[in-house]
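Biologist: I'm new to this one, so could you take me slowly through a single part of it? I'd like a close look at the salt bridges.

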Amino acid sequence: MPWYCLFCKAGQEQNVIRMLEERGARPLAPLVVHLQPGEKGLERARRRLLPGYVFFEQEETPDWPGIIRYSSVLKILHYQDETPELRGADLDFVTWLKQYEGLIDVSEVVKVGTKIAFVSGPLMGMEAQVLKVNKSRRQVQISVGGEGNMFHTIWCAIEYIQDSVDLEMLHQQAQDPKKTEN
């Protein structure tokens with residue numbers, strides 16, 4: 001089933017979701033969990049992963065004139081060839097988001113030398129390159145697509161579960177968790 005993307009006024013994503021549902025679409029405006037200082041230390045808070053963006057899938061051709069007339073919708077996103085249907089890395093990205101029902105929770109990481117390795121959470125096993133690590137904010141910026149794609153990078157929260165780990169030991173645990181338990 002084809003996926004599409006709308007750009008709308010930030011803060012109006014829920015209204016756009018309702019409008020799309022009324023038209024028979026299945027919308028998704030992804031959220032990401034961030035860690036932020038609170039009264040009891042770091043607390044989890046949900047924010048829009050991509051403020052202003054609403055993805056939707058719809059079997060039949062969307063009612064584009066009706067959608068663009070909706071006051072909160074600013075633009076129907078499309079590629080240079082004017083095709084609005086998501087493809088390639090953009091479609092892979094939305095498929096990944098859908099797998100987590102649009103909520104990207106904190107991923108657990110371990111430090112491996114000068115790099116990090118994802119050991120649990122939505123970033124584990126994802127085909128993406130880590131571009132930046134902000135240790136103080138406990139976030140990583142990852143690449144989710146290249147040039148020509150609608151979405152290039154996103155920031156996701158991480159939680160260090162171990163300060164440093166031996167790469168060989170990490171591979172052993174992944175292959176046989178019982179063998180390395182103490």
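Modeller: Here is a walk through the salt bridges, with a short stop at a hairpin at the end.

First, some ground rules. This is a predicted model, so local features need pLDDT of at least 70 and side-chain atom pairs count only at pLDDT 80 or more, while totals for chains, interfaces and linings use all residues. Residues are numbered from 1 along each chain as its sequence is written, and side-chain values use heavy atoms, with hydrogens and water left out.

A salt bridge here is a side-chain nitrogen of Lys or Arg within 4 Å of a carboxyl oxygen of Asp or Glu. That rule gives seven salt bridges.

Let's start with glutamate 13 and arginine 48, whose closest N and O atoms are 3.8 Å apart. Glutamate 13 sits in helix H1 (residues 13-22) and arginine 48 in strand S4 (residues 41-48), so this pair links distant parts of the chain, 35 residues apart. Helices (H or I, at least four residues) and strands (E, at least two) are DSSP runs, numbered from the N terminus. Glutamate 13 is buried, at 4% relative accessible area, whereas arginine 48 is partly exposed at 24%. For these words, buried means under 20% relative accessible area, exposed over 50%, and partly exposed in between (1.4 Å probe, protein chains only).

Next up is arginine 23, which meets aspartate 63 in a salt bridge at 3.6 Å, N to O. Arginine 23 is in the loop between H1 and strand S2 (26-28) and aspartate 63 in the loop between strand S5 (53-57) and helix H2 (64-69), so parts 40 residues apart in sequence are tied together. Both ends are partly exposed: arginine 23 has 30% relative accessibility and aspartate 63 has 37%.

Then there's arginine 44 with aspartate 105, at 2.8 Å from N to O. Because arginine 44 lies in strand S4 and aspartate 105 in the loop between strand S7 (103-104) and strand S8 (107-112), this pair ties together parts 61 residues apart in sequence. Arginine 44 is exposed at 53%, while aspartate 105 is partly exposed at 31%.

Salt bridges also link Arg26, Glu57 and Lys98 in a network.

Now for the hairpin. Strand S10 (residues 129-134) pairs with strand S11 (residues 139-143) in the antiparallel sense, over five bridges; two strands pair if DSSP finds at least two bridges between them. Valine 130 has isoleucine 142 in S11 as its bridge partner. Four residues lie between S10 and S11, and in that turn arginine 138 has a positive phi of about 55°.
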